[in-house]
Amino acid sequence: MNKKIYYLFIFIFSFSVLSAQEKLSKEEKARREKNIQAGNPFAQFGYKAKIATLSKGKYLEFHDLDSIVTIGTVRWHVYKNEIVGRIVQDSINPDAQPIGDRVGRWMSPDPLSEEFSSWSPYTMSFNNPIQFVDPDGRAPDDWRINYVDKQGNSQQFVFNGGATALPDNQFVRDFVGAYNYNVGNGGGDSMKAIAENPNITVDVQQGEFTTQDNSLSKDYNVVNWNPNLGIETTSGNILSPATLLEHEAGHALAGALAPGTKLARVESSDKQYRDKEEKRVTIGIEQKTARANGEIGMVGTTRTDHKGLPVVTKSPTSNTVDRPKTYNTLNTLHSKGFFFPGFGVEDTEKYRR
Amino acid sequence: MKKLLIYIVCPLLLNCYKKDTSKYLEFFYMGPNISTPFGYPCFMISEDILKDDINYKKIDDAEQFEKFMSLYDKYETTDDTIGMDIRIKIVVHNNQKTDTLCLGEYFYTYKNGVKMKDNKELLNYVKEIIDYKNTVPSFVKKHPELYKSKK
């Protein structure tokens, strides 16, 4: 008796399961099979492969079967292997939709992902395309401005010369202001070249004095810049901090492009300018930028040597000397017996109020 | 009581005797390949002025000191007074006498403020002692994370 009830229960269960299954018409079965075989890459060879689908053919799951596809702005016929049309992108209308497959799509993980282990290999510009620029898909580069934020943390801001939102930091603003001032006036060739060359990274940070430092193996390339310190030259000209920044950018660019050649020039002494590298930069880009910034006349020279008296200026782009600050600084040095070559007490005294 | 006095006074007197250990060299220096917008005088090579950009090394090894002095004594004065751009300042402590030697990276030698003819042999020896070419800038020391991928 118990056995009979057991078999009856199995029969009812099986019947209910089978009857619950969808009964498909012949046409529907054919349609579903067509949907499945749409994803068969061997169909043209007559081979019917097993195709994995989610809906078992109920829905068409293969959507790249069009004979004409959009690749960028090109309409491409996949069977004829020819371009059959082009799309003109509306670059004026801010509401215009992106074209076809031009929307962002990663073809592979970032090959430099190991260098940025804390970031997903499928991100770009640290997910911040406003602050960082990555024109060649490698690493953020150009001018890397190092500063300390209000919380006392070290930060970097990458600047490639374009208009961009700046962090709330005076040094960053001073640097970008000096860049725009030099370049806008028609000088600043080296600063611009660094900004526009995606293969060069130059670090800039605030320093006691303006200097430039690079390794022959291109491990580092650093400019220390004091945005308050210009120099008076032995020719009597005052060079702004912005012009001195361009001077050091000239060395940085040479160090980035051909460090060996730069070193050969540094090792070649020059009676006036110490060495051939200083001569190249001083009579070249320093003079051009100083002239563009109105710090020397159209036919004048900034200096005929490598001497200078540090002076505090009114602003990073100004060549007007802040007389009290300059006098106090230089006078303190003199009281210890310190003088800069080519300059005496009288050069300091003229800045006394 | 006398014995106690001897035990106290003798060590005190012995301490007053100055041993011949005041022969050493102090090196203050900037790193290699540094460009500046104007030539640096010797006083600039100081931690008071250039802060972290100045490196320091003290050498009191007798052999190194003697070799240094043998080269140091060969310096000759020069009539050429043009040019000054210093990267290495050496304070030479030779018993009671203290000299200051200032060297540029490739040219310029000033001994106690007087310009001397350059001595390549001594310059190279100094660079060797302080491992000049491997001196890392303070910025790179502070931010090793920015450079680890390039090393």
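In which sense do β4(A) and β6(A) pair, and over how many bridges? In this predicted model, the two strands run parallel and are joined by four bridges. Within this pairing, I145(A) lies opposite V204(A) of β6(A). β4(A), which spans residues 142-148, is mostly covered, with six of its seven residues buried.

β4(A) also pairs with β5(A), here in the antiparallel sense and through six bridges. N146(A) faces Q156(A) of β5(A) across this pairing. The two strands make up a hairpin in which five residues separate β4(A) from β5(A). The turn of the hairpin includes G152(A), which has a positive phi of about 85°.

The loop that connects β5 (154-159) to α3 (170-184) in chain A contains A163(A). This residue is classed as exposed because its C-beta has 7 C-beta neighbours inside 10 Å, and the cut-off for an exposed residue is 12 or fewer. A163(A) and S217(A) are 54 residues apart along the chain, and their C-alpha atoms are separated by 32 Å.

The helix after this loop, α3(A), has 15 residues. At 1.5 Å a residue its expected span is 21 Å, and the distance of 20 Å between its end C-alpha atoms therefore agrees with that value. Buried positions in α3(A) are V172(A), D174(A), F175(A), A178(A), Y179(A), Y181(A) and N182(A). The packing partners of the buried residues of α3(A) include the strands β4, β5 and β6 (201-206) of chain A. Helices α4 (189-196), α5 (241-257) and α7 (276-292) of chain A are also among the elements against which these residues pack. G186(A), with a positive phi near 100°, follows α3(A).

The contact between the two chains draws 29 residues from chain A and 26 residues from chain B. On the side of chain A that touches chain B, β6, β7 (211-214) and α5 each supply at least two residues. By class, this side of chain A comprises eight nonpolar, 11 polar and 10 charged residues. Strand pairing also links the chains: β7(A) and β2 of chain B (residues 34-35) pair in the antiparallel sense over two bridges. In this pairing Q212(A) is positioned opposite S35(B) of β2(B). β6(A) thus appears in two settings, as the parallel partner of β4(A) and as a contributor to the side of chain A that touches chain B.

Terms used. Residues numbered from 1 in each chain as written. Chains lettered and ligands numbered in written order. Predicted model: local features only at pLDDT ≥ 70, side-chain atom pairs only at ≥ 80, totals over all residues. Buried ≥ 20, exposed ≤ 12 C-beta atoms within 10 Å, placed from the backbone. Expected span 1.5 Å × (residues − 1). Contact = placed C-beta atoms within 7 Å. Pairing = 2+ DSSP bridges. Nonpolar A, V, L, I, M, F, W, Y, C, P; charged D, E, K, R; others polar.
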